[in-house]
Amino acid sequence: MSTCEQDNQRNPLLDDLAMAEKLSKINQIIVVLSGKGGVGKSTVAVNLALSLALRGHKTGLMDVDIHGPSVPKLLNLTDKWPEVKGEDIIPVEYQSDLLKVMSMGFLLQGTEQAVIWRGPLKYGMIKDFIGRVQWGDLDYLVVDCPPGTGDEPLSVAQFLKGKAKAVIVTTPQHVATIDVEKCITFCKQLELPMVGVIENMSGFVCPQCGTTVNIFSKGGGETLAVQYGIPFLGSIPLDPDIAQSGDEERP
Ligand code: ADP
């Protein structure tokens with residue numbers, strides 16, 4: 001049954017109750033946002049979730065990037081399919097029960113499939129990802145949003161209001177930080193507290209001579225954090241191993 005058909009039959013009050021019940025079992029929610037695509041937001045979200053899980057925290061990872069879900073690929077889970085039990089969806093498990101994962105990518109038949117959806121359908125899907133997925137008791141739920149400030153981050157911010165905090169990922173160059181300023185304004189307007197800014201692809205250390213080359217400039221994320229009074233969480237260098245591990249589905 002398509003989400004569209006389901007929407008016609010559903011009771012919004014029951015949906016809200018289901019969401020409240022699921023959310024009551026989740027301690028902390030971290031929404032990973034970026035102003036631009038390709039800055040490493042999904043890489044940060046996946047590795048953040050895994051780091052938390054490996055430290056013994058019960059962790060879930062929810063990928064609400066409907067048009068370009070990369071989480072299944074980054075975790076080598078592209079052949080997995082979430083089970084449906086009655087009204088509930090069982091999230092896909094990464095490495096037994098290390099990490100619970102839900103992504104639109106699991107619902108697409110092949111990586112070349114495109115999703116053409118307007119706002120209300122996206123809204124319904126995100127509601128399902130929160131209210132129908134059996135996340136169980138979690139210490140952390142990490143949410144990977146698509147870039148920008150469109151329907152998906154808006155729905156996430158509204159549904160998770162008072163519960164979630166944002167981590168903003170940028171690359172250092174001005175063309176990326178301009179868009180991050182929009183992200184910061186978005187968080188302020190929607191009263192989504194910000195944990196801080198991460199500057200990714202910040203400098204490249206040449207493996208041959210050890211010289212640092214600032215391919216995308218340097219310090220743009222930190223400057224922005226200082227300017228807006230948000231914590232600067234740190235920088236991640238441009239590292240061929242990170243790109244390779246992503247391509248090899250080995251976070
Ligand atoms: P986004 O989610 O912002 O679109 P991704 O996380 O999909 O970005 O990353 C885009 C590409 O950049 C991927 O191929 C990823 O492996 C690579 N990448 C991300 N961060 C780094 C980094 N610090 N060094 C090298 N490659 C990176």
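Which helix gives the most to the shell around the ligand? That was my starting point today, and I should jot down right away that I'm working with a predicted model.

**Entry 1: the shell**

I went through the helices and got my answer: H3 gives the most, with 3 residues of the shell. H3 runs over 41-54, and helix H9, at 240-247, also supplies at least two residues. I then looked up the whole shell and found that 15 residues surround the ligand. The closest ones are Gly-38, Lys-41, Ser-42, Thr-43 and Pro-237. I sorted the shell by class too, and got 7 nonpolar, 6 polar and 2 charged residues.

**Entry 2: polar contacts with the backbone**

Next I asked myself which backbone atoms lie by the ligand's oxygen and nitrogen atoms. For Gly-38, a backbone N or O atom lies 2.8 Å from a ligand oxygen. At Gly-40, I found a polar backbone atom 2.9 Å from an oxygen atom of the ligand. Pro-237 has a polar backbone atom too, 2.8 Å from a nitrogen atom of the ligand. I followed that up with the ligand's surface: taken alone, the ligand exposes 560 Å², and the protein buries 80% of that.

**Entry 3: the pocket**

Where does the ligand sit among the pockets? I checked, and the space that the ligand takes up is the largest pocket.

**Entry 4: the whole chain**

Time to zoom out. I counted 9 helices and 12 strands in the protein chain. Its radius of gyration is 18 Å, close to the 18 Å that the globule rule gives for 251 residues, so I can call the chain as compact as a globular protein of that length. I also looked up the spans of the C-alpha trace along its principal axes, and they come to about 60 × 40 × 35 Å.

Terms used:
Residues numbered from 1 in each chain as written. Predicted model: local features only at pLDDT ≥ 70, side-chain atom pairs only at ≥ 80, totals over all residues. Heavy atoms only, no water. Near = heavy atom within 4 Å. Polar contact = N/O pair within 3.5 Å; in protein donor to acceptor, adjacent residues only side chain to side chain. Areas by Shrake-Rupley, 256 points an atom, 1.4 Å probe, with all protein chains shown as cover. 1 Å grid on protein atoms, 1.4 Å probe; cavity = no way out; pocket = protein on both sides within 12 Å on 5 of 7 lines; lining within 4 Å. Sits in = over half its atoms within 2 Å of the grid points. Helix = DSSP H or I, 4+ residues; strand = E, 2+ residues; numbered from the N terminus. Nonpolar A, V, L, I, M, F, W, Y, C, P; charged D, E, K, R; others polar. Rg over C-alpha atoms; globule rule 2.2 N^0.38 Å.
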